[in-house]
Amino acid sequence: GIIEDWHNLGDPEAGAYLEGNLTAICRLEAQASGITKTLHRDFGISHFQRYPTKIVLRQFEQRDQGEIPYGVIIYPKADHNGVLSTHQGVFSKLLEQAEQVGYALRVAECDSKQNLVSVLNRFRHRYGKIAFAVIGGHGEPDNIRIGRDNNRGIIYTADISRHAASATQHAFEKNPTIILASCSTGAPDGIGQEIAKLGATVI
């Protein structure tokens, strides 16, 4: 499954990306044997080089601890230009700040809007409601691409107004913060503002 996700990435620098992921996997496995298999199975993570070692190692260590308040990083499996692999420094700082106030940080990857809803529900059932989220993807004012399929892989503004209210209410704590790591989504009357109408603070 991991190799299939790498093939479907769409990154023009596939060779370098393969090397980076294998290096990240070796580094993780040296600290906790079986970690990559577990995180791929439970959270859909395939692109391990995207995340600082400390984040995914901590997630593995805390995978059965449901009492810790937490936020999530949800990134797409597809990334046509590799830009979503450049946020490690931001993630490291986010983990540091979250732990200072007693929060865990959990990562998942998805490839469709249906898969995104499923990921949110799995988090809720396993750990309780989510306090905040960083959602990545290539964006335009009215959509966020999280998969390669032009229908299932794109979240449109209309999807938010039609389908997202129930999912948000069930998966998130009241008045959550949602950070869109996605170009153009903060445009006036865009998808960011549509998500804010659900009762979230959107950055």
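**Salt bridges and a nonpolar core**

Q: Asp 42: buried or exposed?
A: Asp 42 counts as buried, because its relative accessibility is 18% and the cut-off for buried is under 20%. Keep in mind that this is a predicted model.

Q: Which side chain does Asp 42 meet in a salt bridge?
A: That of Arg 41. The N to O distance is 2.8 Å.

Q: And Arg 41, buried or exposed?
A: Arg 41 counts as exposed, at 57% relative accessibility. Its partner Asp 42 counts as buried.

Q: Which residues are linked with those two in a network of salt bridges?
A: Asp 64 and Arg 126. Together with Arg 41 and Asp 42, they make up the network.

Q: How do Arg 126 and Asp 64 meet?
A: Their side chains form a salt bridge, with 3.5 Å from N to O. Arg 126 sits in helix H6, residues 113-127. Asp 64 is in the loop between helix H4 (53-61) and strand S1 (70-76). So the pair ties together parts that lie 62 residues apart in sequence.

Q: What about exposure for Arg 126?
A: Arg 126 is partly exposed, at 32% relative accessible area. Asp 64 is exposed, at 63%.

Q: Back to helix H6. Which residue pairs with Lys 113?
A: Asp 159. The closest N and O atoms of this salt bridge are 2.9 Å apart. Lys 113 lies in helix H6, while Asp 159 lies in helix H7, residues 157-171. So this bridge ties together parts 46 residues apart in sequence.

Q: Is Asp 159 buried or exposed?
A: Asp 159 is buried, with a relative accessible area of 11%. Lys 113 is buried too, at 16%.

Q: How many salt bridges does the count come to?
A: Nine.

Q: New topic. How many residues are in the largest nonpolar core?
A: It has 54. The residues with the most contacts inside it are Leu 39, Ile 45, Phe 48, Tyr 51, Ile 73 and Phe 123.

Q: Which strand gives the largest share of this core?
A: Strand S3, residues 130-136. It supplies six residues.

Q: Why would nonpolar side chains be buried together?
A: That is a general tendency of nonpolar side chains in soluble globular proteins.

Q: Pick out Phe 48. What is it in contact with, leaving aside neighbours within four places in sequence?
A: Ile 2, Asn 21, Ala 24, Ile 25, Leu 28, Thr 36 and Leu 39. Leu 39 also appears among the core residues with the most contacts, as does Phe 48.

Methods. Residues are numbered from 1 along each chain as its sequence is written. This is a predicted model: local features need pLDDT of at least 70, side-chain atom pairs count only at pLDDT 80 or more; totals for chains, interfaces and linings use all residues. Side-chain values use heavy atoms; hydrogens and water are left out. A nonpolar core is a set of buried Ala, Val, Leu, Ile, Met, Phe, Trp, Tyr and Cys residues joined through side-chain atoms within 4.5 Å. Buried means under 20% relative accessible area, exposed over 50%, partly exposed in between (1.4 Å probe, protein chains only). Helices (H or I, at least four residues) and strands (E, at least two) are DSSP runs, numbered from the N terminus. Contact means heavy atoms within 4.5 Å. A salt bridge is a side-chain nitrogen of Lys or Arg within 4 Å of a carboxyl oxygen of Asp or Glu.
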